[in-house]
Amino acid sequence: MQIIEVPVVIVGAGPAGIATAGCLNKLRISNIVLERDDCPASLWRKRAYDRLKLHLGKEFCSLPHYPFPSDFPKFVPRIDFLRYIDSYIAHFSIAINYNCSVDSAFIDQSSGKWRLLVTNNSSGASEIYEAEFLVVASGENSEEYIPNIKGLESYQGESMHCSKYLNGREMYKKNVLVVGCGNSGMEIAYDLSIWGAYTSIVVRSQVHYFTKEMVYAGMLMLKHFMVEKVDKMMILMSKLKYGNMFKYGLTRPKEGPFALKIKGGTTPTIDVGCVEKIKKGKVKVYPGISSIKEGKIVKFVDGQHAHFDVIIFATGYKTNVLKWLKDYRNLFNENGMPKPSYPNHWKGEHGIYSAGFSKRGLEGISFDAMKIANDINFILTSRVNQITF
């Protein structure tokens, strides 16, 4: 079987893989991106709801060396973001091999390079790639995560992960339960209510909630003030805007939103109108699910129970790194996430890198991409200089 040799192989054509390839191309370092789907940014293109927008201002979300067009709105809609991704790929002449699933990647002991065994899903053929550098850009959101809930397998209603949700058009007058109070859960609950569904949401933990304008202001303040001061201002703004939401089932964490984000990647929820729906009784809040009983009855940990026609799990994603990366211990832990914490998470030993695993969104992706490209460039340039001198 022919071996395809290239200096850098990037696994994943989401924003992280594309950004890394763009930075490498700017430095004239040859690379190839392998993507299991038939398009770039498939999470945004195929598994996102219609009303999705970037929750941060566009100046915090652009990929390296290519700002958003000036005529784009401050909070970029999903369709415009996809236009931007396609334009980025064209601008940097990024080479992507689509429909290529990486079955395994390991260090070849004879060559010392990374060897990737790949299935071309279009032709069914097997391919081998060999590279000195491997960039894992398959991301934190490779596979849908649905928690184990007692009785879920016998639930007689419709259940889905939020990646399958587009809009609430077909859910008018249905009893719908959204599980999860992050950005996706709160926005989907809001969207369902707008479409006329009888909407409820599961809020298991404490959560910060702000408008996107508040978060934008907070991001700007972080450029001039310490995190502790900005967090106090953010919480004050939230209290002035929303008041005490305890009686509605929402409580704020004691630690500030940006401090939590820096510590563990916990993102505050960007409210697009769901909190007001909760206050008006249009969206009902429940605690965690205890079990699912006969038919369509959901029982909650506080003893309440209710009938739901649809359950939508906005419970996040998990990585698939450990399914194909055999020599993962050079960088990744048993959960498929980098062992080192930010900002040292992006590089391992033996030429392996991670892009898009910082839990810092598109801003973190840009950080990773530039660090990786510059590091590879440094290694290659140093080698040439040694040979020259």
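In which helix is D368 found? D368 is found in helix α10, which covers residues 361-388, where helices (H or I, at least four residues) and strands (E, at least two) are DSSP runs numbered from the N terminus.

This is a predicted model, in which local features need pLDDT of at least 70 and side-chain atom pairs count only at pLDDT 80 or more, while totals for chains, interfaces and linings use all residues. Residues are numbered from 1 along each chain as its sequence is written, and side-chain values use heavy atoms, with hydrogens and water left out.

**Overall form**

The protein has ten helices and 21 strands, and its C-alpha atoms fill a box of roughly 75 × 50 × 35 Å, taken along the principal axes. Its radius of gyration is 23 Å, which agrees with the value near 21 Å for a compact globule of 389 residues; this radius is taken over C-alpha atoms, and the globule rule is 2.2 Å times the number of residues to the power 0.38. Buried residues make up 52% of the 389 residues, where buried means under 20% relative accessible area, exposed means over 50%, and partly exposed lies in between (1.4 Å probe, protein chains only).

The accessible surface comes to about 18600 Å², and 52% of this area belongs to carbon and sulfur atoms; accessible areas come from the Shrake-Rupley method with a 1.4 Å probe, and for residues only the protein chains shown count as cover. Among contacts (heavy atoms within 4.5 Å) between residues at least 6 apart in sequence, 63% join residues at least 24 apart.

There are 49 positive and 37 negative side chains, and the centres of the two sets lie 7 Å apart. In this count Lys and Arg are positive and Asp and Glu negative, with His and the chain ends not counted, and the place of a charge is taken as NZ of Lys, CZ of Arg, CG of Asp or CD of Glu.

**D368 and its surroundings**

Within α10, D368 counts as buried because its relative accessibility is 0%. Leaving aside neighbours within four places in sequence, D368 is in contact with H345, W346, S354, A355, G356, F357 and S358. One of these partners, H345, is 23 residues away from D368 in sequence, and the two C-alpha atoms are 8.7 Å apart in space.

**Backbone details**

Most residues other than glycine have a negative phi, and most peptide bonds are trans. The following residues and peptide bond depart from these patterns.

| Site | Backbone value | Location |
|---|---|---|
| A41 | phi about 50 degrees | loop between β3 (31-34) and α2 (42-46) |
| K173 | phi near 70 degrees | loop between β10 (158-161) and β11 (175-179) |
| Y342 and P343, cis peptide bond | omega about 10 degrees | P343 in the loop between α9 (321-324) and β21 (352-354) |

A41 counts as buried because its relative accessibility is 2%, whereas K173 is partly exposed, with a relative accessible area of 44%.

**Cysteines**

The structure holds zero disulfides, a disulfide being a pair of cysteine sulfur atoms within 2.5 Å. C181 is in no disulfide, and the nearest cysteine sulfur, that of C274, is 9.7 Å away. Why does C274 not form a bond with C181? The sulfur of C181 is the closest cysteine sulfur to that of C274, but the 9.7 Å between them is too far for a bond. C181 counts as buried at 11% relative accessibility, and C274 is buried as well, with a relative accessible area of 0%.
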